[in-house]
Structures are given as structure tokens and as C-alpha cells.
Amino acid sequence: MVKFGVAQPVKRVEDSRLLRGAGQYTDDVPNDGALYVQVVRSPHAAAAIVSLDVEAARAMPGVMGVFTTADLAADGVGAIPCMVPIKNQDGTPRADADRPVLASGVVRHVGEAVAFVVAETAQAARDAAEAVDVVYDMKPSVTELARTQEPGMPRVWDGVADNLVFDWAVGDAAAVEAEFAKAAHVTKIRVVNNRIIVNSMEPRAARASFEDGRWTLTTNTQGGWLLKGCLSQAVFKVEPDRFRVITPDVGGGFGMKLFVYPEHAMVCYAARKLGRAVKWTSERGEAFLSDTHGRDHVTEAELALDGENRFLAMKVRNIANMGAYLSNFGPFIPTMAGTKVLAGVYGFKAIHAQVRGVFTNTVPVDAYRGAGRPESNYLVERLIDAAAREVGVDRAQLRRLNFVPASAMPYRSAMNQPYDSGDFHQVLERALDIMDWEGFAARRAVSAAAGKRRGIGMAYYLEATGGAPEERAEIRFTRDGFVDVFVGTQSTGQGHETAYVQLVNDRLGIDPGKIRIRQGDTDAIPQGGGTGGARSLYSEGQAIVLTASSVIEKGRAAAAEHLEAAIADIEFEAGRFRIVGTDREIDLVSLAAVLHESAGEGAAGNPLDTAEIAKIDKHTFPNGCHIAEVEVDPETGVVAVVRYLVCDDVGTIVNPMIVRGQVHGGVAQGLGQALLENTAYDSETGQLVSGSLMDYALPRADDLPDIEVEFVEIPCASNPLGVKGAGEAGAVGSPPALINAVIDALAEDGVRAIDMPATPERIWQAIAQGQGDGRRAA
């Protein structure tokens, strides 16, 4: 095995550059005289704009322009569209609400942009923004998801009755009803999937210039091609080749940096209008009010079991918050993305799900790490635990009884998803053994003696990766002896550079120090699917492998000519072409140098340069078991996570060190949602109460235990690498495992359910309520 090849825990090659401070993020791009943008945002959740006076701001020192929706309309600037044309159950189209660059007449959430200032300095822009005089006529707002369709609630959009964006369904309702009619037991549950504010380490930023009729937009994205297409065709209504999008280093994305935002259009508009480069960088408080949020569902479900406790069918009714406008993929997340994993790893006979999307006077909601799949897995795993309590069966045994067996693979689920591989029993048993599930009672007794409540919870998750149906890779041999690999995905901190270098080294035997990964420039890379849906390694990996194979074939022909042999007599191994049965050989990089030399100094490219596009017609289904053990102080409601294990099947692993890091990060985010993060809007004013890190609790180091990660590698059968997406898995399994553990800890207090986040206050109240109910029942 090549030392730097696949399956090796190689340290990340990009870390040396980043840790030395040599990374370049969007705000680090040299200013070169760029102007600064400051956005004027609405302080109200719902209001009519009575008047908007910008003259005083325009007259202030250093101000180069103040722009309103009237300016944009005069120059033909369009809105940012939703790209998901789903239909209602009755076949009618969903309600539409494209997101304007600037509010036109009405504001629909706190933080919506109503104007923007461009000035010579950031301070001048801030001062002028404060001088913009906006008179509002405040209107009633609706921010509570569960109440948005109640009679008499305010309408976010005049033409949308009951604030209903869509009423969508999937599955066979008749088959589900038939199975429920045969049920020996039915378990019902209602869960809340709380709204999340993403808070990536690097805030959003954008810098635009306009020269010779063409824009260059530098911004932190998860793939610039989406922005290039949307900004050119929908917003500015020009040909795509008028845009170049450059993505430098990116400090975290988590779905939130996939999308086109109003600020992208603002800097591009101002750059064209003023003939100067223009930049904008979000402040943290601004990000709370303008970045897309995640999750925010209220879901009811019913599970039907037969007399032997086997799952028959499931009914799901979900209401999903879309916010005030439809983000690029907002309607896709709770519908097509989330529902396809409702069957999980279990052998349901039928499932039916209804999803209603609604408008509220809140920030638009879109993909957040896992994008719909964490929400569905949370529901199912909470539901199974509730069923186990009701029928008096061990939680692990109920899952075992209903797993799809490995012998059934490939298997088509009740949600019509084609599982190509998996051994769920093996993964579960390994997790139970490592966590000493059977020995938990003794540990609980120790905690009880100290006055604490101890609980253990599990969740067996199933992920479904997604994304663009093809991916491109290009390998170029440079005259300085390096090999440049151009990829269509975009790293936002995951370690792509290392994994791709490993793949190239493994296939072509090239010194890792001579391999450079190139990404994030839509001029240099003509197409790309970007990063999202845990797709990068298995999609870009397939493209790299395909391209490497083509390089080898080209190299075999060139080596045959150089070594004066027949092509059939040339073999390739460990980076070297050799005449079979002899010691006459040449390595790939030396062969490229020979071809450069023979072509002459002025020749562009190299005959070995190759680009290929891989068709990604099958996605992957990573899965695994999370087990959390917690200790709760009943006097304070404080939860301590004393042990946490993830046992994952993510297929063949290219770099176990990177995968462990991804799992750790996902679990941290899941723990944040489960125990800490509470996005709160005031029901009267529509204000975001949790609008800063003083009021919104992100997990800190002392909130997290050492996260144990075990792998059971069951190769994926649907791609040549055998890999399954791993980037989102940690965030999928952790919320239900943690909440199930908390509920288990509080069972003796009569607590049967608790919603996320399980904060000390909520836990203390649940204990008090549970004990009160118990006394009344007695």
C-alpha cells in the first residue's frame, strides 16, 4: 500500500498553511481601493415602508452611493428565485415568494435589507447608514410556527391564505391505512425540531469588481457555479460568461453558504454602477438576522406495530417553517430531502408523510448540516423509543427486531430508496458492546447514590447523500514539475485537499508534495456541483478516479513511444510505466517533462492533461449507531454528557483521521441543537430575542465529552471507491441519541417527553411537572 494512499490517517495537507496564518479568506483579499458596503436593515418584523429618505446619507463625507429598490428596479435588477418548483397534493403549484435584493414597499422580517450605502471607508458607510431615514407603518407579525395557520393570524403575504406555501405528500396513504387497521398497538408522538442559527466561524462576505463588461465576484461559497448561474440569469439577466466567481478559503459552510443572498447582488450592482471594487463583510449580529436559518419543524407521527412488535406502517404530519421568503432550496429540505430517510434502517411495509410549508415573519430557512435527514431521523428514533416504553420491550431489541437484514441487500425501502449495502445488526452490536449497554444499571445506581439521574439513549440513523448528478475533474501537468488537480467541489474546512491528494497519489503514484488541488474559480473550472449533501468524496472521487484512468491510458501510449515499445507491452504500477519483463521504465511526472520538452517552450498544456466528467446516478446511504450516556442534576436541571459513542458505517474510508474529525464536528452541532441552541422570537414584536452570542448558546469545549468513534467498513456497492458520505452523519444521529438519554434519565420522575433544546430550565420544569402528575395519579 502506498504510504500516502487511501485508508491512511494522513495529517491534513492544508493545515500547515492555515495554522501559519497563510490562508486567505474573502475578507483577507487585498483591498486595492475597494469601497465598503453597509446594509440598512429593518428593525421590524412586519411593516409598510411609508417613506425612505436617503438624501442626507448621500451628502455625507466619503459616501459614493446610497441605493434603494427603486434604483435597482430602474436598472432591471431582479429577485433571487426559489429553485424548487414542487406541487401541492392536488397538483397545483406552491405559493411563490422570490427574495428581493432590497425590500419593496413592505418588510417581512427583522433584518430585511431596505437600502445599502457604499462609502470610501467602513466607518463612513456605517455613519451614513444611520442617516438613512425610513418611516415604517408597523403591522402585526407571526413568528410562532405552531400558530401560523390559526384563524385570525396575520398573513405574511397578502395573496397566500393561511400562510400556506405548499401542502405536499409522499407515500401510499391507502396502504398505510390498511396496515394501521391490522395494528395491535399504535404509538403517537409530537416533536419539535428547533430552529438553528448556523454561526459558521467565518461570517459571509463578498467582494465584486466590474471591468470590460464582466463581473468578478469573490465570496465564500460552497460552490460558485450556483451563484454564477443565478446572478447572471435571474438577477442581472445577462449571459453566464459575464460572471466569474472566485471562492478562496472558507471557514465553515454547513449548508448556509450554498445560497445566493441579497448582499451578493448588492456588491455586484454597486461595482457596475460606481466603476470601483466593492466589498461587504457581515458582522456577527448581522449574520443572526440575514444568514439562512435551519430546521424549525413541528411534527406529529404515528407508528403501527403488529402483535409481535414488528413495524407495519407510519403516518407523518409535518409543518415546516420557510421564513418570510423562499430561499433557493427551502421547500426541498422538509419534502424530498427529508422524507426519503423516514424508513430509516427498518422494514416498514408502508409510510405516508404530509408536509405543509408555511410563511412566517422570520429569516428564510434552508439547508443546515444534514438538510432534512436529521429532522426525519430524530422523529423516527424518538418514536421508536416511545413505542418501546409503551409495549415494554428493550429499546435495542425493538430495533433489532425491525432492522432490514444484511441478507436483504440490495433493498428498496418503504420510501422507495435503493439501499445498496449495510449490516445494521453488526453495527448495533458493536456499539452496544463498546458502551457496555448491559452494565448500565450498575452505573445508574452509582449516580443515584450521589443524588443524580443517569440515562442512556441510542439512535440508529440512516443518511442519504445527494447533490448534482455529475462531477468533473481535470489533471494538468505543469512545467514546474507539479500536478494540478482541478475539482468541482468546494472545501469549507472538511479536508478535501488531503483526501483528493490521497486519491491521486494512490492511483497515479505521484509524490503528494507535487500534487496541488485547485478549486473555487468558475473561469478555471467550467462546471462543478459544489459541496453539499455529503457528496464531495464519492462524487468528486469518482471523477478523479475516472480522470486518473484516462491519464494512465494516455501515458501508456506516450511511454510506449518514448521507450520504443508496443503499447500492449507497457504496464503501469506505482507511478511508473515499464516495459513488461524488463527494467526499462519512466515515471509519470518525468514522462510529462519529456512531453513538455518535446513540445517546446511556447506550447500550452501537455498531452497528458485530461478532464473527465463522472455521472453520479446513484447516491449513498451511510448509517450508524449513536449512544449517549448522560447524568442529570435534578436540583438544577443541568445535563452532563458523561460518555458518547458513534459506531459508523461510512463505507470504505479514505482517511480515518479526517472522518473522525467530521464526526466530532457533527456531534458537537447535534449536541448544540439538542441541549443548548434556542432561536427565540418575541411573539408580539417579531424581534429575534436570541440575536447574539450573549443570548444564543453554542456548545463550548466543556459541554462535550471525548467523542468515541468506531468504524464498521461495509463498502458501498454503487460507486467504485466503495465510499459513503460522512460529512453530515454526526449531526444526524446525535440529537435523538441525546434526547432519548435525557428522557431515560428522567423516567423515574414521570417524564415521558421533552423537546429540544433540553435546557436546564426545561428539564427542571419537566421534573416538577412529571412528579406533580405522578402525585395526582396516585
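This passage describes selected local features of a predicted model.

The four-stranded sheet is taken up first. It is an open sheet, its strands follow the order 21-20-19-25, and the pairing is mixed. Strand 21 (515-518) and strand 25 (610-615) stand at the edges. Each has a single partner strand, so one side of each is left without a neighbour in the sheet. Neighbouring strands are turned by 20° against each other on average, direction ignored. Strand 19 (residues 470-477) and strand 25 run antiparallel and are joined by six bridges. Glu471 has Ala614 of strand 25 as its bridge partner. A helix packs on this sheet. Helix 15 (residues 536-563) lies across strand 19, strand 20 (483-487) and strand 25. The angle between helix 15 and strand 19 is about 40°.

Enclosed space was examined next. The structure holds four cavities of 30 Å³ or more. The largest cavity contains about 130 Å³ of space. Its lining comprises 16 residues. Closest to the centre of the largest cavity are His297, Thr299, Asn318, Glu375 and Ser376. Several elements contribute to this lining with at least two residues each. The strands are strand 8, strand 13 (297-305), strand 14 (311-323) and strand 15 (350-359). The helices are helix 9 (333-339) and helix 10 (373-391). By class, the lining of the largest cavity has seven nonpolar residues, eight polar residues and one charged residue.

The second largest cavity holds about 90 Å³ of space. It is lined by 14 residues. Arg99, His109, Glu112, Ala113 and Pro262 lie nearest the centre of the second largest cavity. Seven residues of this lining are nonpolar, three are polar and four are charged.

Open pockets were treated separately. The second largest pocket has a volume of about 470 Å³. It is lined by 20 residues. Glu144, Leu145, Asp296, Asn678 and Thr679 are the closest to the centre of this pocket. The lining of the second largest pocket divides into seven nonpolar, eight polar and five charged residues.

Two buried side chains with polar or charged groups were also considered. Glu286 lies in helix 8 (residues 284-290). Its relative accessible area is 11%, so Glu286 counts as buried. Beyond its neighbours within four places in sequence, Glu286 is in contact with Val39, Arg41, Trp280 and Thr281. Asn88 sits in the loop between helix 3 (69-74) and strand 4 (106-107). Asn88 is buried because its relative accessible area is 17%, and the cut-off for burial is under 20%. Apart from neighbours within four places in sequence, the contacts of Asn88 are Pro93, Arg94, Val165, Phe166 and Asp167.

Backbone geometry in the loops completes the account. Asn163 is not a glycine, yet it has a positive phi of about 60°. This residue is found in the loop between strand 6 (133-138) and strand 7 (164-171). Asn163 is buried, with a relative accessible area of 1%. Asn199 is also a residue other than glycine with a positive phi, near 60°. The loop that holds Asn199 runs between strand 8 (185-193) and strand 9 (205-211). Asn199 has a relative accessible area of 14% and is therefore buried.

Cis peptide bonds occur before two prolines, Pro410 and Pro757. The bond from Met409 to Pro410 has omega near -5°. Pro410 is placed in the loop between helix 11 (395-402) and strand 16 (411-412). The bond from Met756 to Pro757 has omega near -10°. Pro757 is in the loop between helix 18 (729-745) and helix 19 (760-777).

Terms used: Residues numbered from 1 in each chain as written. Predicted model: local features only at pLDDT ≥ 70, side-chain atom pairs only at ≥ 80, totals over all residues. Heavy atoms only, no water. 1 Å grid on protein atoms, 1.4 Å probe; cavity = no way out; pocket = protein on both sides within 12 Å on 5 of 7 lines; lining within 4 Å. Points joined across faces, edges and corners; volume = space filled by probe spheres on them. Nonpolar A, V, L, I, M, F, W, Y, C, P; charged D, E, K, R; others polar. Buried < 20%, exposed > 50% of the residue type's maximum accessible area, 1.4 Å probe, protein only. Contact = heavy atoms within 4.5 Å. Pairing = 2+ DSSP bridges. Axes fitted to C-alpha atoms, helices over the stretch in contact; angles between N-to-C directions.
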